[in-house]
Amino acid sequence: MRQSPHSLRLRLTGAVLMPLAALVLLFCVITALVTHDTEANTVDRVLIGSVRTLSLAYNSPAADRERLVPLVIHLLRRRARPVVLYSVYRGQTLIAGDPALLPPGDYRATWDGVLDRHKPTTFVNAYRENRMVRGYLDPADARQVTQAAYLRSGTLHGKPARIATEVRRAQGNTELIAIQVADYMDDRAAYERTFLQQVVLAGLAALILTGMLFWWAIEWGLRPLVDLTQQVDMARRDAPATFRLETPETGPVEMQPFVAAFNGLMARLERATDSLRQFTSNASHQMRTPLAVARVQLDVLDRYGPTSPQGKAALQDIPHAIDSLEQLLRQLIALARSEDQVGTQLRPFDLAEVAATVTGERAAQAPADIDIGYDKSVEGPVMAVGQPTLAAELIGNLLDNAIRYNRPGGSVSVHVDRDEEGAIVAIDDDGPGISAAEREKVWERFYRIPNRKAPAGTGLGLPIARAIAERMGATISLEDGRSGKGLCAIVRFRSDIA
């Protein structure tokens, strides 16, 4: 099943927004936990503070109590976190507040001598450390308290509630009074839900805004890629002879490897196209002669017949024409293959072993009157850097030339050596050689030395050898034969991988 293409901009936006959405979710969860703890701590502090304030009002002299208690109740209802649920009991008698807010079950109207039957509630203050006595700064305020303020969970009017309770003796009275302040739990939960909704909406708004900004940022960031695409599209419509992508100096550095790789690919394609064009031109030019010879001889056979003297001569010339054509095609293919220098994997190899193998193979195929020898000046392997297959083809090509253009009864020797610069193989013969004036010209394709009595060739042997050598980073040169006559082809291989 074929999949539809994906939008790069959408994919990049999703790649950014997904972790951002996870962070927003994590932020909301953390905010909910912190809000719950903060709200619980804040409400608990308000309840404890409120019950102590009301307790102090009842600790006032009787003359002042009637005036202070209503004022305290009024202040509790008008504060930022109002407290409206409270009760004050003396025994089972309600003095003030909501009768449904009953004292705890262990409350007694008279003191039995036990202080703080329940552990008083305390809060950690990280910024200020005040020395307090049972929740009061003034020890005198805590003197009549038998149960310091503490928190407990209960039910009020059928709903869960958080209740702060303190028990003390009112001034001028021996009976204990239970002072309580309460807050509904659902009020606290409603505040937390409202605050969390605000946080979630703010997070979603930030996520949407970030997505819009990032969408625009991606569009701006992809402009260099759009420019490259336009360059390629313009080249497709009106293809120049050579095409290269261009990027401004201030362009993004991330585009440079792509541009370099693309331009390298275009250079390789241009080389391949030029090689194909040149191969086609060379092949069409050089194949005309053997094809024309074969056509003429076939016409002779058709006119005179194979039993005539002319026909017999034609039958002898046709195989030579076909052999020349076959050799030409083989060398053209080798030349085209040697010019493709991309992807050649160079590695160390034993040049002496390769040279000895090639020499042995050519010696078995050479004419009987040509003496072929092999020697090396050093012991052990002679390591060179290149490709064994290409090195064998190079040595074989030079060895074939030395045999082909040698004199009758001549000799050819292959010598392997090593110096400071690297490994060397020399193919030496004692034939007619090549004059110094002609040694640069023979590297040109299809060049043949004029007025030379030698077997007909294609003029491609030495160009193929040079192309193979350059492919491996080796160099090849022509010198006088070591015996003072003939020709010596010297190939120098690299000793390290660049």
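The following exchange concerns strand E10 and its neighbours in a predicted model.

Modeller: Local features in this predicted model need pLDDT of at least 70, side-chain atom pairs count only at pLDDT 80 or more, and totals for chains, interfaces and linings use all residues. Residues are numbered from 1 along each chain as its sequence is written, and side-chain values use heavy atoms, with hydrogens and water left out.

Biologist: Why is E10 called largely enclosed by the rest of the structure?

Modeller: Buried means under 20% relative accessible area, exposed over 50%, and partly exposed in between, with a 1.4 Å probe and protein chains only. In E10 (residues 423-429), 7 of the 7 residues are buried, so the strand is largely enclosed.

Biologist: What makes both faces of E10 covered?

Modeller: On one side Ala423, Val425, Ile427 and Asp429 are buried, and on the other Ile424, Ala426 and Asp428 are buried as well.

Biologist: What makes E10 a strand?

Modeller: Strands (E, at least two residues) and helices (H or I, at least four) are DSSP runs, numbered from the N terminus.

Biologist: How do you know that E9 and E10 pair?

Modeller: Two strands pair if DSSP finds at least two bridges between them. Strand E9 (residues 411-418) is joined to E10 by 7 bridges, therefore the two pair, and they run antiparallel. Valine 412 has aspartate 429 as its bridge partner. The two strands form a hairpin with 4 residues between them, and glycine 422 in the turn has a positive phi of about 155°.

Biologist: Which strand do 5 bridges join to E10?

Modeller: That strand is E12 (residues 487-492), antiparallel to E10. Cysteine 488 in E12 stands opposite aspartate 428.
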